[in-house]
Amino acid sequence: MPLHKYPPKIWAALRLKQGIQSRLPAHYLRCLNESQEATPVHFKPHGVKYKRNPHTGQPERVEDIPIPLYFPPESQRGLWGGEGYVSGYRYANNDKLSSRIRKTWKPQIFVRQLYSEILDTTFTIPVTMRTLDLVDTCYGFDFYILKTPKVDLNSKLGMDLKRAMLLRLARKDTDLYPDDLEKRERIYDKYKEFAIPEEEAEWVGLSLEEAVEKQRLLEKKDPVPLFKVYAEELVQQLHAQHLSEPAVVEKVS
């Protein structure tokens, strides 16, 4: 006999169908349920199911097995470009006859300043060389943040920057380059393909806990004292009673 009515693996999905989590916006729940695989970083996928053996000429089945990665909390405060900690083993003194010892390969982190045209701000962010290469490939820091999906950014800082950029594009704030109207319009026109409604932009990148708290504040109502409720009911009852009584009209002689 099972210990639980539902398997523990689907508990998280069931929570989204009841309580305050079920009242979250549909677009946020849709993004939360998206299952997209991250772009391979630490291995090169074959891209096919079979490859021909160069020695025998016979087709052989191949598999793309992703390398398990560990992303420490520091990765959420920077932009690592999908890189993480890789755990494995190595031979002591590079001698295959010796015993194996555990080893963890870590990405090399640099602190660089990156400028955002949309936010008109320079950020000092821990990044990897792959992140800088991706920024160059996307032709700018803003394009990199806006084009890269959540699963590839894998950074709380990156999603917060994306939300701030999308909100500014949706609102078209006049605080951006207030002394240069032409430059402001050029920036908004340059990134107009990424513009989404403000109601959706303000939910982008929020964790489930932050989204629940935001929804709770939206639904929060100040308590009404009972004496006000009873006073209004009494006034309505007296008004209804007054209307139900026959009106007395005095005859004027």
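Two exercises with worked solutions follow, on a pocket and on a surface patch of a predicted model.

Residues are numbered from 1 along each chain as its sequence is written, and side-chain values use heavy atoms, without hydrogens and water. Local features need pLDDT of at least 70 and side-chain atom pairs pLDDT 80 or more, while totals for chains, interfaces and linings use all residues.

**Exercise 1.** Describe the largest pocket and its lining.

Step 1. The volume is about 640 Å³. A pocket is an open set of points on a 1 Å grid over the protein atoms alone, where a 1.4 Å probe fits, with protein on both sides within 12 Å along at least five of seven lines; lining residues have an atom within 4 Å of a point.

Step 2. The lining has 23 residues, and Cys-31, Glu-34, Lys-150, Met-159 and Val-204 are the closest to the pocket centre.

Step 3. Helix 2 (26-32), helix 4 (141-147), helix 5 (150-153) and helix 6 (156-171) each give two or more residues. Helix 2 supplies the largest share, five residues.

Step 4. By type, the lining of the largest pocket holds 13 nonpolar, four polar and six charged residues.

**Exercise 2.** Locate Val-229 and classify its exposure.

Step 1. Val-229 belongs to helix 10 (residues 226-244); a helix is a DSSP run of H or I, at least four residues.

Step 2. Val-229 is partly exposed because its relative accessibility is 30%, where buried means under 20%, exposed over 50% and partly exposed in between (1.4 Å probe, protein chains only).

Notes: Grid points are joined across faces, edges and corners, and a volume is the space filled by probe spheres set on the points. Ala, Val, Leu, Ile, Met, Phe, Trp, Tyr, Cys and Pro count as nonpolar, Asp, Glu, Lys and Arg as charged, and the others, Gly among them, as polar.
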